[in-house]
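Student: I have a model open and would like to talk it through with you. Where should we begin?
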Amino acid sequence: GGGAAGTSGTLALLLGEGSKRLPQAIIIGVKKGGTRALLEFLRVHPDVRAVGAEPHFFDRNYERGLAWYRDLMPRTLEGQITMEKTPSYFVTKEAPARISSMSKGTKLIVVVRDPVTRAISDYTQTLSKKPDIPTFESLTFKNRTTGLIDTSWSAIQIGIYAKHLENWLLYFPIGQILFVSGERMISDPAGELGRVQDFLGLKRIITDKHFYFNKTKGFPCLKKAEGSSKPHCLGKTKGRTHPDIDQEVVQRLRDFYRPFNMKFYQMTGQDFGWD
């Protein structure tokens, strides 16, 4: 908005100034990779403004149009970055073309995690909502005897990262996509956040001073959350205990994913250490 010239930043925000902009950066994936943690950590940065809920614009709400999408965004001041996260974009066929047509310069962030633990985490989430579903083992195989893995099951499909990435590279140069390690976000949150801040062109404000490790949760929490003086851990739906999966099935999945992981390491130039 307009307003008195020279209104200070904080006051400008209090007066409801700033304007809604289309996001310059989007966390596009992956489901159960650590996207919520990354978003909550990033929101500590004074120059990051993000939508809390997942807009699902480029997959489910595209017909509503860019004006609708932009209206969901928080107001920002000059120099602030607008962000959103919707982890299903990464596996959505149409998403790369749609985001590219909004802006070819959009910065994309993908939080990836060992595809086997990611699949088990995905299953665990579904199980918490529908306790009657079949076992993980029975959903993994088309045919348990032949050991043929059912790649049409979304829990397995999502982890074939190399395959999904190829689709994005038709529209975006690899340098415009940052791959964040879900594992490193737990073992070294400040280090991973440093890489993200650099990628977004932000001052490195989020450092190890911001985190403490919560032993009960099994992952790092913020000493102070955005807009609060209280410590903040992710909600109770995060860090669920995974059911025990038959080790033979886990091994079979490790073997299945290995070539795709190797291809993904080659494509990104990063070894995520999943094998």
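**A helix, two pockets and a few unusual backbone angles**

Tutor: We can begin with helix α10, residues 189-199 of this predicted model, where eight of the 11 residues are buried, so the helix is largely enclosed by the rest of the structure.

Student: Which residues of α10 are the buried ones?

Tutor: They are Pro189, Ala190, Glu192, Leu193, Gly194, Val196, Gln197 and Phe199.

Student: And what do the buried residues of α10 pack against?

Tutor: Their partners include two helices, α2 (35-42) and α9 (182-187), and the strands β6 (107-112), β9 (177-181), β10 (211-214) and β11 (219-222). Just after α10, glycine 201 takes a positive phi of about 75 degrees.

Student: Let me change topic to pockets. What volume does the largest pocket have?

Tutor: The largest pocket has a volume of about 920 Å³. Its lining is made up of 39 residues, and those closest to the centre of the pocket are Lys32, Gly33, Gly34, Arg113 and Lys238. Looking at secondary structure, α2, α5 (115-129), α9 and β11 are the elements that give two or more residues to this lining.

Student: Which element gives the most to the lining of the largest pocket?

Tutor: That is α2, with five residues; α2 is also among the elements against which the buried residues of α10 pack.

Student: How does the lining of the largest pocket divide by class?

Tutor: Its residues are 10 nonpolar, 16 polar and 13 charged.

Student: What about the second largest pocket, and which residues line that one?

Tutor: The second largest pocket has a volume of about 160 Å³, and its lining consists of Arg43, Val44, His45, Pro46, Val48, Arg49, Gln80, Lys224, Ala225, Glu226 and Gly227. By class, four of these residues are nonpolar, three are polar and four are charged.

Student: Back to Lys32, then. What does UniProt place there?

Tutor: An unreviewed UniProt entry places the feature "active site" at Lys32, and as a UniProt annotation it may be inferred rather than shown by experiment. In the model, Lys32 is one of the residues closest to the centre of the largest pocket, and it lies in the loop between β2 and α2.

Student: Is lysine 32 buried or exposed?

Tutor: Lysine 32 has a relative accessible area of 15%, and because buried means under 20%, lysine 32 counts as buried.

Student: Which residues is lysine 32 in contact with, leaving aside its neighbours within four places in sequence?

Tutor: With those neighbours set aside, lysine 32 is in contact with Arg113, Arg118, Ser121, Asp122, Gln125, Lys238 and Arg240. Arg113 and Lys238 also appear among the residues closest to the centre of the largest pocket.

Student: What is there to say about the backbone of lysine 32?

Tutor: Lysine 32 has a positive phi of about 60 degrees, although it is not a glycine. In the loop between β2 (25-29) and α2, where valine 30 also has its place, a cis peptide bond joins glycine 29 and valine 30, with omega at about -5 degrees.

Student: Which other residue, not a glycine, has a positive phi?

Tutor: Histidine 56 is one such residue, with phi near 50 degrees; it is found in the loop between β3 (48-50) and α3 (66-72). At 10% relative accessibility, histidine 56 counts as buried.

Student: Zooming out, how many helices and strands are there in the protein?

Tutor: There are 11 helices and 11 strands. For "domain: Sulfotransferase", an unreviewed UniProt entry lists residues 23-258, and over that range the chain is 36% helix and 17% strand, with its end C-alpha atoms 34 Å apart.

Student: What radius of gyration does the protein have, next to that of a compact globule?

Tutor: The protein has 20 Å, which agrees with the value near 19 Å that a compact globule of 275 residues would have. Along its principal axes, the C-alpha trace spans about 75 × 40 × 40 Å.

Student: And how much of the protein do buried residues make up?

Tutor: Buried residues make up 48% of the 275 residues. As for contacts between residues at least 6 apart in sequence, 69% join residues at least 24 apart.

Technical notes. Residues are numbered from 1 along each chain as its sequence is written. This is a predicted model: local features need pLDDT of at least 70, side-chain atom pairs count only at pLDDT 80 or more; totals for chains, interfaces and linings use all residues. Side-chain values use heavy atoms; hydrogens and water are left out. Buried means under 20% relative accessible area, exposed over 50%, partly exposed in between (1.4 Å probe, protein chains only). Helices (H or I, at least four residues) and strands (E, at least two) are DSSP runs, numbered from the N terminus. Contact means heavy atoms within 4.5 Å. On a 1 Å grid over the protein atoms alone, a cavity is a set of points where a 1.4 Å probe fits but cannot get out, and a pocket is an open set with protein on both sides within 12 Å along at least five of seven lines; lining residues have an atom within 4 Å of a point. Grid points are joined across faces, edges and corners, and a volume is the space filled by probe spheres set on the points. Ala, Val, Leu, Ile, Met, Phe, Trp, Tyr, Cys and Pro count as nonpolar, Asp, Glu, Lys and Arg as charged, and the others, Gly among them, as polar. The radius of gyration is taken over C-alpha atoms; the globule rule is 2.2 Å times the number of residues to the power 0.38.
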